[in-house]
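Biologist: Please take a close look at the charged side chains for me, at how they pair up and where they sit. After that, I'd be glad to hear about the surroundings.

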Amino acid sequence: MPDWLQPLQPNHRPPGRTRAPVGDGPLSFERAVERFAEGHVSRKTGRLFSSTSRENIRHNLLGTPLTGFRRERGIEAVAAWNGDLAAEYLHWLQVDLRRDSATIKKVRGQLRSFGAFCDEHFGTDHAGGGALTTLRVSPATDYERRRDPALTQGEAERLLKAALTGRDRLIVAMLMYTGMRPSELLALDEQHIRLDRTPPVVEIRGTVHDPDATKTQAGFRDVPLTVGQSILPRLLRTHLTDPARPVGEGRLFLALRIDHSGRAQPLTMEGLKSMLARLGEATGIRCNAYRFRHTFCTWCADVGMHMLHLQQLLGHASSDMVAYYYRGKTSEAVLQAAARVRF
């Protein structure tokens, strides 16, 4: 059985951390958040938070909304914070500030982890308990969000033809025909491209935020390079053997500009977004990395790929997210799939 159908390898969690001593005087809420961001081990990855996760925590827990909420209630020390206040804040954030349910769930998870960290390390009372423990989040108040449909085959061909360089064409093809996340794409090294295997695969082992861990608990995975098409191996061989490509750089995708020392640097997330934005402007097609991921999911599902196999390819811990990524908008694919069934 091909490797990509084997069970995913979950990330392991280290043993629990010991209680850290607290200095004299009341600990401020801000200082507690900083200690949490710098010293907490993520339950998902079993590792300290990445720099991106730390910034996200600071944005959500030290940003204007929560800071204003605390000031209105006179909460400066972390000892005055509790799970009931956290639940009240989340309700206000969703109902009054109109944050969508996905954002509320993310902040809820951070507040739960922060509260548990405070109770364990700082001796606070129910910072992670109370109403926060049982708070449910409903999408009923969400604004209608634009959900771009899957690309058509014609749109996909137009995007590939409009790419200005071989590198850009390969990036579009990799995103569209493997369904990988942009953070996974930019973390790829040459050694992760295994054209010598049957079928040839790309080995996904990390992200630009953490080269040793994937985004979710789903773990490492190998994705075939020949799903539904045969051009990816050819594009990769051309890219890897390009005489203009710097030797020994390692990273698969490099920025087109060089730094002051004359070396090409790895392509960044901002560089990828800019390239796709230019491609979208040139073709008139809304073009972003996650639309390619939605497209890959939809194409695979519409031709009858098993849900569990698709879950493996996308790197999801549950099939619920596969359903979220599906972008079929008519019953035509359902009718065709049903017509293929034989009892």
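Modeller: Happily! Arg 194, Asp 196, Arg 197, Glu 203, Arg 205 and Asp 222 are linked in a network of salt bridges, where a salt bridge is a side-chain nitrogen of Lys or Arg within 4 Å of a carboxyl oxygen of Asp or Glu. Please keep in mind that this is a predicted model, so local features need pLDDT of at least 70 and side-chain atom pairs count only at pLDDT 80 or more, while totals for chains, interfaces and linings use all residues. Residues are numbered from 1 along each chain as its sequence is written, and side-chain values use heavy atoms, with hydrogens and water left out.

Within that network, Glu 203 pairs with Arg 197, their closest N and O atoms being 3.2 Å apart. Both Glu 203 and Arg 197 are buried; that word means under 20% relative accessible area, with exposed over 50% and partly exposed in between (1.4 Å probe, protein chains only). Side chains of opposite charge can pair when their charged atoms come close.

The whole structure has 19 salt bridges, and two others make a nice contrast in setting. Arg 251 bridges to Asp 189, with the closest N and O atoms 3.2 Å apart. Because Arg 251 lies in the loop between α10 and β4 (254-258) and Asp 189 in the loop between α9 (182-185) and β1 (193-194), the pair ties together parts that are 62 residues apart in sequence. Here helices (H or I, at least four residues) and strands (E, at least two) are DSSP runs, numbered from the N terminus. Arg 251 is partly exposed, at 25% relative accessible area, and Asp 189 is partly exposed too, at 22%.

The other pair is Lys 273 with Glu 270, whose closest N and O atoms are 4.0 Å apart. They sit three residues apart in helix α11, so about one helical turn separates them. Lys 273 and Glu 270 are both exposed.

Helix α11 (269-283) also brings us to the nonpolar side of the story, as one of the elements that give two or more residues to the largest nonpolar core. Such a core is a set of buried Ala, Val, Leu, Ile, Met, Phe, Trp, Tyr and Cys residues joined through side-chain atoms within 4.5 Å. This one has 44 residues, of which Met 174, Met 176, Leu 185, Leu 276 and Phe 292 touch the most other members. Helix α8 gives the most to this core, with eight residues. Leaving aside neighbours within four places in sequence, Leu 276 is in contact (heavy atoms within 4.5 Å) with Val 172, Leu 175, Cys 287, Asn 288, Ala 289 and Phe 292. A second, separate core of 29 residues includes Val 78, Leu 93, Phe 114 and Phe 117.

For the overall setting, the protein has 15 helices and five strands, and buried residues make up 42% of its 343 residues. The average pLDDT, the predictor's confidence in each residue from 0 to 100, is 83, and 83% of the residues score at least 70. Over residues 1-22, though, the pLDDT is below 50; this stretch has 51 contacts in the model beyond near neighbours in sequence.
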